[in-house]
Every structure is written in structure tokens, then in C-alpha cells.
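I opened this notebook to keep track of what I look up, one entry at a time. The structure goes first, and my entries follow.

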Amino acid sequence: MIHCQAAITDGNGNHAIQSITIDDPRGDEVLVQIKAAGICHTDWDSQSWAKPLVMGHEGAGIVVKTGPTVNALKEGDAVMLNWAIPCYICFQCQEGNQHICERNSAVTAGNKVSQGHATFSSTQYNDQPIERSFGLGTMSEYALVREAACVIIQVDMPFPSAAIVGCGVMTGYGSVVNAAKVKAGSSVVVLGTGGVGLNVIQGARIAGAGKIIAVDVNPDRLEMARFYGATDTVLADKADRNLLEAAGQVKTMTQGRGADYAFECTAIPALGAAPLAMVRNAGVAVQVSGIEQEISIDMNLFEWDKVYINPLYGQCRPQIDFPILQQLYAKGDLLLDQMVTRTYALTDLPQAFADMHAGRNAKGVIVF
């Protein structure tokens, strides 16, 4: 059994750094010493999920113990963690949709009942079992996870850079390459240039898009967007309802017809329909940020032949996509080191959240 420090939320909007205990791994479980944990808006939201949790769902570290049925990992392996943990045998996994595994996904199957979650009773807080966010709980010095949650780091990559791959990077890149299948030479507009939006921009650049238009209300974020690959920017007005004025500027930049692809990365429900206003007839609008609230859409925005998709996690296939991202990083195409704007100690999590909300960081990371 290991005793360690972790960020624990009470589910009522609060968190504290507390001591937890973690049992040795069983079956195909792996004990990972967490070296870095990414900080995401979802982590902030998890404080209000009405239940205690070990926080964190982006992480990377070193395997320190393995269960008796673990096959592909050994002690000392450096790994990046993946929260959409595939079982490989359910209907969706067999269809190639590993990100929406029917058995293991914390999103589709639920957190505690998900079979992707390591043994529930093995992680305890105040002598009671506690769930780990998205089956991981990376804001902790150690995490007990399933073997399928780990992908070996095969290139020279710092842990903070590796940690952010497991959510924002994969979501942004995968939404472009796996879901929308952006074509070389095409035009792309990205609404919102936070951590996910910047990785949509990177994905579009890597895919060979000819024009990449970043839209945001923050001029500093737009400058950051240019660094990651935006060719053009639109500084939106906060009073621009549904971004219709910004859509007019996008059309001016795209021969009057609109972009080939538009990606919504703001997580603002009122902007859920905005990408439809940005794309041409027969264009593709992508809702990247995970809006789950009810929204209203003027069906005229679909005219004509427009497609609107809502992919989860960039349609991630971890053992396929993560090695690709590692190779793109090694070639210098995927900028990760630069994206880690600031690192924090675990005890500095309140400041990290404040910096995230203020838009100061491309990505903040906790380093252990």
C-alpha cells in the first residue's frame, strides 16, 4: 500500500490536498507514479459533480508496479495516460470507435461503474473508497489505472508535454484529422483559441490546410493562435450575438462562401450553432468543446448540404493515435513544449485554475 498526496474534491465546488492510500495493482492494473498532470476546464467542472473524487484526467508518469496479467508494460516504463480506455471487444470498439467504448468509457458507461476504472476499493480517502476522475485521478502523486489506459512514451519527451496529450491535444488534433478529415489546401475556421482550439489549429496546419482563421475575443489569444499555425485572425466583439458579424468577416476571407470546415472550441452553449454560420454550402461544422446543454438552431443555417458533427475526444484510438502524436512531436510538427506555458506544484492548483480562467496559459501543468 502507498500513502500519497492528491487533490480531492468534495463535489460541492471545493478541493483540498489530502492524503490517500492506494493498494498494489491487481489483474491488469498498473501503479503509475505521476510526474505531470495537465489542467483542464473539465477538472474545474469536476469540483461540482456532487461526489468526492481524486481530480485530474490528463497525466504522464512512470510505471512502478504491474498486476499479474499485465502484458505490454513493465516497471520503469514512461507512459502517457488516456481516459477513454478501450476494452477492444465491445460493439463500438469492434467498429473502431474505441473512444466511446461501451464497457470502459467514463463518459459513456459512467465513472464508478465503468470497467475501465481500476478496482474501486483500491484507492481510499479517510478509509473509504473514492472514485478517480475519468478512471484516472492524475492530480495525485500516484494513480492506479488499467493497462489499457497507458501508452508507452517512445520518443524523448518531457513529462509535462506528454501529460497534455491525453485530452486537449488529442481532442483538437483528432477532431481535425480523424473526425472532420480536413483536406490539404482547404480553409478552416476555429472559434475559440484556448488549449483545445490551439490544438485544432495545430491539427489543421499539420493536415495542410491552406487558410486557418482563428476567431476570439482576446487579442492575446489570437497572437498565440498565429504562433501555432493560424494564417488569419478575427477579433470578435463580445456583443456579436451568435458571432454572425464574425461569420461575415470569415466569408469575406473565403471568396464570399464561407470556410470548408469550422470548429467550435468555446464550450459556450450560445455559440453551439456558430460554426454552421461560418461554413460554405456542403461544408463541415464540428462541435469540439463538448456542449451538452439544450441549444436552439435556425435550420436555415444548414442550407445547403452542411454537415454538423459532435465527436468525442477526437475519435481517439490511443494505441494508434498517441504514437502518431509522439512522432509528430519528435519531427517538430506538433508543438507541445511551447504549449506548456507554466508549471505548478499540486498545492498551487487554485492559482493554476485562476490562470486558466484568465486565459494566461496555452496550457498549465502540475509537476510532481
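Leaving aside its neighbours within four places in sequence, which residues is Gln92 in contact with? I noted at the start that this is a predicted model.

**Entry: Gln92**

I located Gln92 in helix H2. Setting aside residues within four places of it in sequence, I found Gln92 in contact with Asn97, Gln98, Ile100 and Glu102. I then asked whether Gln92 is buried or exposed. Its relative accessibility is 18%, and the cut-off for buried is under 20%, so Gln92 counts as buried. I also looked up the spacing between Gln92 and Arg103: they are 11 residues apart in sequence, and their C-alpha atoms are 9.4 Å apart in space.

**Entry: Tyr88 and the second largest pocket**

I went to the loop between strand S6 (78-81) and helix H2 (91-94), where Tyr88 is found. The phi of Tyr88 is near 75°, which is a positive value in a residue other than glycine. Tyr88 has 35% relative accessibility, so I wrote it down as partly exposed.

I next turned to a pocket. The second largest one has a volume of about 220 Å³. Which of its 16 lining residues are the closest to its centre? They are Pro86, Tyr88, Glu147, Ala148 and Gln319. Tyr88 therefore appears in my notes twice, once for its phi and once for this pocket. Strand S11 (residues 150-152) gives the largest share of the lining, with three residues. Sorted by class, the lining holds 10 nonpolar, three polar and three charged residues.

**Entry: Gln255**

I looked for Gln255 and found it in the loop between helix H7 (244-253) and strand S15 (259-264). Gln255 is not a glycine, and its phi is positive, near 55°. At 62% relative accessibility, Gln255 counts as exposed.

**Entry: helix H6**

I wanted to know which residues of helix H6 (residues 219-228) are buried. They are Arg221, Leu222, Ala225 and Tyr228. Seen down the axis of H6, these buried residues fall within an arc of 110°, so they line one face of the helix. I checked the other side of H6 as well, and there Asp220, Glu223 and Phe227 are exposed.

What covers the buried residues of H6? The cover includes helix H5 (195-207), strand S13 (211-216) and strand S14 (232-235).

I then looked at the two ends of H6. At the start, a side-chain oxygen of Asn218 reaches to within 2.9 Å of the backbone nitrogen of Asp220. Just after the helix, Gly229 takes a positive phi of about 135°.

**Entry: helix H10**

I repeated the search on helix H10 (residues 349-357). Its buried residues are Leu349, Ala352, Phe353, Asp355 and Met356. Viewed down the axis of H10, they fall within an arc of 160°, so they line one face of the helix.

Which elements do the buried residues of H10 pack against? I listed strand S1 (2-9), strand S2 (15-22), helix H1 (41-45), strand S18 (340-344) and strand S19 (363-367). Just after H10, I found Gly359 with a positive phi of about 75°.

**Entry: the loop between S16 and S17**

I looked up two residues in this loop. Trp304 is found between strand S16 (279-287) and strand S17 (307-309). A cis peptide bond joins Glu303 and Trp304, with omega about -5°.

Met299 also has its place in the loop between S16 and S17. Is Met299 buried or exposed? Its relative accessibility is 56%, and exposed means over 50%, so Met299 counts as exposed. Met299 and Leu276 are 23 residues apart along the chain, and their C-alpha atoms are separated by 9.7 Å.

**Entry: Glu131**

My last entry is on Glu131, which has its place in strand S9 (residues 131-132). Glu131 is buried, because its relative accessible area is 8% and the cut-off is under 20%. What does the side chain of Glu131 make a polar contact with? The partner is the side chain of Lys51, at 3.3 Å.

Methods:
Residues are numbered from 1 along each chain as its sequence is written. This is a predicted model: local features need pLDDT of at least 70, side-chain atom pairs count only at pLDDT 80 or more; totals for chains, interfaces and linings use all residues. Side-chain values use heavy atoms; hydrogens and water are left out. Helices (H or I, at least four residues) and strands (E, at least two) are DSSP runs, numbered from the N terminus. Buried means under 20% relative accessible area, exposed over 50%, partly exposed in between (1.4 Å probe, protein chains only). The arc is that of the directions from the helix axis to the C-beta atoms. Contact means heavy atoms within 4.5 Å. A polar contact is a pair of N or O atoms within 3.5 Å; within protein, one must be able to donate a hydrogen and the other to accept it, and residues adjacent in sequence count only if both atoms are side-chain atoms. On a 1 Å grid over the protein atoms alone, a cavity is a set of points where a 1.4 Å probe fits but cannot get out, and a pocket is an open set with protein on both sides within 12 Å along at least five of seven lines; lining residues have an atom within 4 Å of a point. Grid points are joined across faces, edges and corners, and a volume is the space filled by probe spheres set on the points. Ala, Val, Leu, Ile, Met, Phe, Trp, Tyr, Cys and Pro count as nonpolar, Asp, Glu, Lys and Arg as charged, and the others, Gly among them, as polar.
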